[in-house]
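Me: I am new to this structure and would like a close look at a single part of it. Please take me through that part slowly, and then show me what lies around it.

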Amino acid sequence: MAINAPASRPANPRFSSGPCAKIPTFELSKLSDAALGRSHRAAIGKEKLLAAIEETRDLLGIPADYKIGIVPASDTGAVEMAMWSMLGARKATMVAWESFGAGWVTDVVKQLKIDAEVKEAGYGEIVDFTTLDFDTDVVFTWNGTTSGVRLPNGDAIPSDRAGLTICDATSAAFAQDLPWEKLDVTTFSWQKVMGGEAAHGMLILSPRAVERLESYTPAWPLPKIFRLTKGGKLIDGIFRGETINTPSMLAVEDYLVALDWARSTGGLSGLMARADANAKVIWDFCDSHDWIANLAVDPATRSNTSVCVKFTDDRINDGAAFAKAVAKRLEKEGVALDVGAYRDAPAGLRIWCGATVETSDLEALMPWIDWAFETEIAAQG
């Protein structure tokens with residue numbers, strides 16, 4: 001029996017977890033003021049890069065004594081820069097509950113060969129932060145982009161810690177309330193909650209992180225692209241928009257436009273509210289259907305950006321093949337693009353719910369997931 005498809009469709013089917021949907025008001029004409037064909041070291045380039053830094057500070061409420069730099073290679077580059085430049089001064093604790101956190105473990109343990117304790121949790125779960133030794137340097141992701149699980153707060157991180165906290169916050173920044181006083185190094189990229197273009201990372205340093213950089217020299221050589229100090233002093237220009245390598249001024253303009261839009265939505269609180277409303281659409285859908293569930297085990301740790309779900313129906317013969325078929329069917333219908341689970345994650349769907357996504361599009365998508373599920377169940381025979 002043919003299963004009728006829903007009548008309405010999402011106006012924007014882009015639910016990718018990175019690069020993510022552009023801001024709802026995006027038009028190419030909004031980038032007409034970009035400093036194209038100009039040096040990023042010219043006055044206009046420096047002004048725009050500094051504006052991106054300071055407007056980020058203002059929107060996120062980053063303390064005035066924290067340093068903010070624009071660095072190469074997206075969030076990955078920012079995390080690697082921090083680890084290669086700062087780790088090794090004391091023992092490390094590597095915390096992982098999803099793919100990218102596991103990647104940082106590999107880099108530190110196998111590449112840098114640093115003395116480290118590894119704390120891991122399975123997909124859908126999270127490491128208990130009360131068990132961590134914060135007299136070591138602790139490296140962790142705030143929000144698991146590939147697992148849909150996040151830290152609910154930073155309460156377990158002590159203010160009087162001896163070690164540094166290095167936090168990959170790429171799918172949390174602009175959607176979740178980050179406790180800056182608990183974070184010594186924070187990284188993210190423009191391509192997540194702000195819907196920016198790829199390849200640009202943000203590196204945010206507390207005064208404690210700066211002190212580490214100026215008082216410690218790693219035992220290994222640092223590539224130029226990772227160097228944050230010269231002669232034992234922070235290269236302060238990096239944190240005024242004098243980037244290490246050439247940035248895309250078109251991408252910078254796009255980020256500035258997104259920051260302007262963010263202010264028009266109510267700033268950080270407005271962005272968080274949009275993400276919360278978006279995620280709730282999927283959470284409610286899971287609660288009302290017994291064949292689908294949030295991958296996050298504890299509701300308190302559910303991500304409001306990268307929402308990951310799994311199919312739980314006993315009739316499913318091959319979970320991985322079934323989930324891929326559902327995602328493929330949704331894409332073929334043009335109602336949801338790029339919503340398959342991350343390649344290393346459990347089978348299911350991963351639907352981006354950051355602030356640039358409209359709640360109405362997620363509401364329109366849910367009946368299509370129902371339709372795709374029932375269609376694939378019927379196709380099994």
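**A glycine and its surroundings**

Reply: Gly154 is buried in this predicted model, because its relative accessible area is 7%, and buried means under 20%. The residue is found in the loop that runs between β6 (149-150) and β7 (165-168). If neighbours within four places in sequence are left aside, the residues in contact with Gly154 are Trp142, Pro179 and Lys182. Val252, by comparison, lies 98 residues away from Gly154 along the chain, and the C-alpha atoms of the two are separated by 31 Å.

Turning to the interior, the largest nonpolar core has 89 residues, and Phe140, Phe174, Phe311, Leu330, Leu349, Leu365 and Ile369 are those with the most contacts inside it. Helix α5 supplies the largest share of this core, with 10 residues. Leu365, again leaving aside neighbours within four places in sequence, is in contact with Pro10, Phe15, Val335, Ala336 and Ile351. A second, separate core has 33 residues, including Ala78, Met81, Ile114 and Leu205.

Helix α6 (residues 267-287) has 21 residues, which at 1.5 Å a residue should span 30 Å, and its end C-alpha atoms are indeed 30 Å apart, so expectation and model agree. Among the buried residues of α6 are Gly267, Leu268, Leu271, Ile282, Trp283 and Phe285. What covers the buried residues of α6 includes the helices α1 (43-60), α5 (249-264) and α8 (359-379), together with the strands β12 (292-294), β13 (306-311) and β14 (349-352).

Note on methods: Residues are numbered from 1 along each chain as its sequence is written. This is a predicted model: local features need pLDDT of at least 70, side-chain atom pairs count only at pLDDT 80 or more; totals for chains, interfaces and linings use all residues. Side-chain values use heavy atoms; hydrogens and water are left out. Helices (H or I, at least four residues) and strands (E, at least two) are DSSP runs, numbered from the N terminus. Buried means under 20% relative accessible area, exposed over 50%, partly exposed in between (1.4 Å probe, protein chains only). Contact means heavy atoms within 4.5 Å. The expected span of a helix is 1.5 Å times one less than its number of residues. A nonpolar core is a set of buried Ala, Val, Leu, Ile, Met, Phe, Trp, Tyr and Cys residues joined through side-chain atoms within 4.5 Å.
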